[in-house]
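Q: Hey, can you walk me through this one? I'd like to go part by part.

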Amino acid sequence: MAVSLNPLDLYDVRSLLTDEERMVQDTVGRFVDERVLPIIGDCFDQARFPKELIPEIAALGLLGATIPEAYGGAGMNGVSYGLICQELERGDSGLRSFASVQSSLCMYPIYAYGSEEQKQQYLPRMSAGEVIGCFGLTEPHGGSDPANMKTHAKKDGGDWVINGAKMWITNGNLAHIAIVWAQTDDGIQGFVVPTDTAGFKAQEIHKKMSLRASVTSALFFDNVRVPDSARLPNVKGLKGPLGCLTQARYGITWGPIGAAQACLKEVLDYTRERILFGKPLASNQAVQLKLADMARRITTAQLLSLQLGRLKDAGKMQPTQVSLAKWNNCRMAIDIARQCRDILGGAGITTEHGAIRHALNLESVITYEGTETVHELVVGRELTGINAF
């Protein structure tokens, strides 16, 4: 007797997980089903981030999940962190973005590049959701060229004075601290800047058609003065922020899998129930071909991210491998979300269904932390040895 396969996991990737990894996925999955999905459509409509969920997210150990327990983290492995991202993005990309920024772009640099005092001061409270961070790298003119950084920090006695601006900053108006990267006379350096510091201003970006259930901001620095103890002492140059982005992009390779699975599940249910010309829409050959292609592409993405996670946990993951998976998996998910929206017909344009919300969100996910083109060129550089940037 043939065993029925899980349509969202045709290769039984779940069987390749450890018991602990499956427990993490199940725990986050229940949270998404019970607490996120009932409200997220309305949050998207209202352009509101559900910050009331932050204490629950923190209580589940999802903020700084891979940070050692000695600093308040959960000490999970990379695959578990990936599964957290996958399940959160099955809910909404905005929720996963919040956790990614807090964990990979704010807690990680403090852990990897910070002083022991900075780690003790911030990491336990960030893990508990008491201190929220944002990551200030991208600038209004910069985009894919972070080396063209205009924000600068000048030494003044024992202090640093920061001037400049950052753009498209997730969590900006939620944050208590900002990890700010600035040009100095000694190269690019990072600073932990409390957002209540004089001269710091965050301005929320409105009129977004993507990541509406997420806070996106512009940051402005007008003679923002911080002590030298605010500087991240253990890194200089672009390798600092780029190292953070590699951590975050790793999680992003997993997140879109969840969005794509949500869209496929919704369309599988819809096509079984929708009767056209006297038969279920699911019996249509054209529809089955589309569904089969979605399952093929989700399966490929699952295997890519799982192997990437195993490489990460073995200490062997390379940035080019992250670029390949981010490029493939974001393209997979946005194509599937758009195709699912089409199959849903007119009903697909409302947030009563998830496909249009995921499709719009993925327009940001495929762009931020390295556009699709940039990641293609990263792989091209690896293959040829020639930098085409």
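Q: How much area do domain 1 and domain 3 bury between them?
A: About 2500 Å², with 62% of it on carbon and sulfur atoms. Buried area here is the accessible area (1.4 Å probe) that two parts lose on being put together, summed over both. In domain 1, Val13, Phe44 and Gln86 lose the most area to domain 3, and together they make up 21% of what that side buries.

Q: Is this model predicted or what, and what should I keep in mind?
A: This is a predicted model: local features need pLDDT of at least 70, side-chain atom pairs count only at pLDDT 80 or more, and totals for chains, interfaces and linings use all residues. Residues are numbered from 1 along each chain as its sequence is written, and side-chain values use heavy atoms, with hydrogens and water left out.

Q: Where do the domains start and end?
A: Domain 1 covers 13-128, domain 2 covers 133-235 and domain 3 covers 239-384. Those bounds come from an automatic or database domain assignment.

Q: Back to domains 1 and 3. How many residues are in contact?
A: 29 residues of domain 1 are in contact with 34 residues of domain 3. Contact means heavy atoms within 4.5 Å. The C-alpha centres of the two domains lie 20 Å apart.

Q: How many salt bridges are there between them?
A: Two between domain 1 and domain 3. A salt bridge is a side-chain nitrogen of Lys or Arg within 4 Å of a carboxyl oxygen of Asp or Glu. Arg357 and Asp92 have side chains that meet in a salt bridge, at 2.7 Å from N to O.

Q: And how many residue pairs in polar contact?
A: The count between domain 1 and domain 3 is 13 residue pairs, both residues at pLDDT 80 or more. A polar contact is a pair of N or O atoms within 3.5 Å; within protein, one must be able to donate a hydrogen and the other to accept it, and residues adjacent in sequence count only if both atoms are side-chain atoms.

Q: Which elements give two or more residues to the domain 1 side?
A: Helix H1 (19-46), helix H3 (78-91) and helix H4 (93-113) do, on the side that touches domain 3. The largest share comes from H3, with ten residues. Helices (H or I, at least four residues) and strands (E, at least two) are DSSP runs, numbered from the N terminus.

Q: New topic. How many disulfides does a search of the whole structure find?
A: Zero. A disulfide is a pair of cysteine sulfur atoms within 2.5 Å. For Cys43, the nearest cysteine sulfur is that of Cys263, 18 Å away. For Cys263, the nearest is that of Cys340, at 5.1 Å, and Cys263 is in no disulfide either.

Q: Is Cys263 buried or exposed?
A: Buried, with a relative accessible area of 0%. Cys43 is buried too, at 1%. Buried means under 20% relative accessible area, exposed over 50%, and partly exposed in between (1.4 Å probe, protein chains only).

Q: Ok, Thr151. Where is that one found?
A: In the loop between strand E1 (133-136) and strand E2 (152-156). Thr151 is buried, at 0% relative accessible area. A polar atom of the Thr151 side chain lies 3.2 Å from the backbone nitrogen of Ala165. Leaving aside neighbours within four places in sequence, Thr151 is in contact with several residues, including Glu139, Ile162, Trp181 and Gln183.

Q: What about Ala301, which residues does it touch?
A: Not counting residues up to four places away in sequence, Ala301 touches Ile257, Asn328, Asn329 and Met332. Ala301 is in helix H7 (residues 285-313) and counts as buried, at 0% relative accessibility.

Q: And where's Pro7?
A: Pro7 is in the segment before H1. Pro7 is partly exposed, with a relative accessible area of 38%. Pro7 and Leu264 are 257 residues apart in sequence, but 8.7 Å apart in space, C-alpha to C-alpha. Leaving aside neighbours within four places in sequence, Pro7 is in contact with Leu264, Leu268 and Ala295.

Q: Last one: what is phi of Asp12 near?
A: Near 50°, a positive value in a residue other than glycine. Asp12 is in the segment before H1 and is partly exposed, at 41% relative accessible area. Asn223 also has a positive phi, near 55°; Asn223 is found in strand E7 (residues 216-227).
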